[in-house]
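Q: I am new to this structure. Please pick one part and take me through it closely, residue by residue. Explain each term as you go.

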Amino acid sequence: MLKREKKLEKKIALRRIKILLDKAHEVKFEDYELARRYVELARRIAMKYRLRIPREERLFCKKCLYPYRYDRIRVRVAKSRVIITCLNCGFVRRIPIRPARVIKKPEK
Ligand SMILES: [Zn+2]
């Protein structure tokens with residue numbers, strides 16, 4: 001039986017996630033539905049290979065999966081956190097602001 005190369009699989013999966021998310025942001029103003037579909041696929045790959053989507057790539061709503069678009073979100077800064085409200089579904093995401101070197105684990 002062939003041994004699965006899990007490390008390689010994960011590397012490829014991550015690359016695919018990045019491509020899909022790039023695509024999503026490319027088309028989000030022309031076709032918002034398609035952009036969401038790209039995010040959905042990226043998330044599905046992430047789940048299958050049990051990968052974490054890198055924080056800098058997480059520019060979409062966790063709940064409705066639409067990519068962030070300046071006309072579809074509200075951004076506020078309060079109490080050392082950035083508060084992003086998704087205007088598609090109302091989901092509120094709070095991102096604490098801390099010096100980069102203090103952060104050990106990426107936020108969930
Ligand atoms: Zn949303």
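A: What follows is a close look at the loop between α2 and β1 and at what its residues meet.

First, the ground rules. This is a predicted model, so local features need pLDDT of at least 70, side-chain atom pairs count only at pLDDT 80 or more, and totals for chains, interfaces and linings use all residues. Residues are numbered from 1 along each chain as its sequence is written, and side-chain values use heavy atoms, leaving out hydrogens and water.

The loop runs between α2 (32-48) and β1 (73-78). Those names come from DSSP runs, numbered from the N terminus: helices are H or I with at least four residues, strands are E with at least two.

Start with L51, which sits in this loop. L51 is partly exposed, at a relative accessible area of 21%. The scale is this: buried is under 20% relative accessible area, exposed is over 50%, and partly exposed is in between, with a 1.4 Å probe and protein chains only. Neighbours within four places in sequence aside, L51 is in contact (heavy atoms within 4.5 Å) with K10, A13, L14, I17 and A46. Take L14 from that list. L14 and L51 are 37 residues apart in sequence, yet their C-alpha atoms are 7.5 Å apart in space.

Next comes R58, in the same loop between α2 and β1. R58 is buried, with a relative accessible area of 12%. A polar atom of the R58 side chain lies 2.8 Å from the backbone oxygen of I53.

C61 also belongs to the loop between α2 and β1. C61 counts as buried because its relative accessibility is 0%. UniProt, in an unreviewed entry, places a "binding site" feature at C61, C64, C86 and C89. These four positions spread over 29 residues of sequence but cluster in space, with a largest C-alpha distance of 8.7 Å. UniProt positions use the numbering here, feature names are shortened, and annotations may be inferred rather than shown by experiment.

C61 touches several residues beyond four places in sequence: Y66, Y68, C86, C89 and F91. C89 lies elsewhere, in the loop between β2 (81-86) and β3 (92-96). C89 is partly exposed, at 31%. By the same rule on neighbours, C89 is in contact with C61, K63 and C64.

Now the rings. The whole structure holds two aromatic pairs. Rings of Phe, Tyr and Trp (its six-membered ring) pair if their centres lie within 6.5 Å; planes under 30 degrees apart are stacked, over 60 edge-to-face, and the rest tilted. F29 and Y70 have ring centres 5.5 Å apart and planes at 40°, so this pair is tilted. F29 is in the loop between α1 (6-27) and α2, and Y70 is in the loop between α2 and β1, so the pair ties together parts 41 residues apart in sequence. F29 is partly exposed at 43%, and Y70 is exposed at 68%.

Y32 and Y66 form a tilted pair too, 4.7 Å centre to centre, with 35° between the planes. Y32 is in helix α2 and Y66 in the loop between α2 and β1, 34 residues apart. Both Y32 and Y66 are buried.

Charges join in here. A charge sits over a ring if NZ of Lys or CZ of Arg is within 6 Å of the ring centre and within 35 degrees of the ring normal. R36 lies over the face of Y66, 5.6 Å from the ring centre. The charged end of R69 sits over the ring of Y32, 4.3 Å from its centre.

Technical notes. A polar contact is a pair of N or O atoms within 3.5 Å; within protein, one must be able to donate a hydrogen and the other to accept it, and residues adjacent in sequence count only if both atoms are side-chain atoms.
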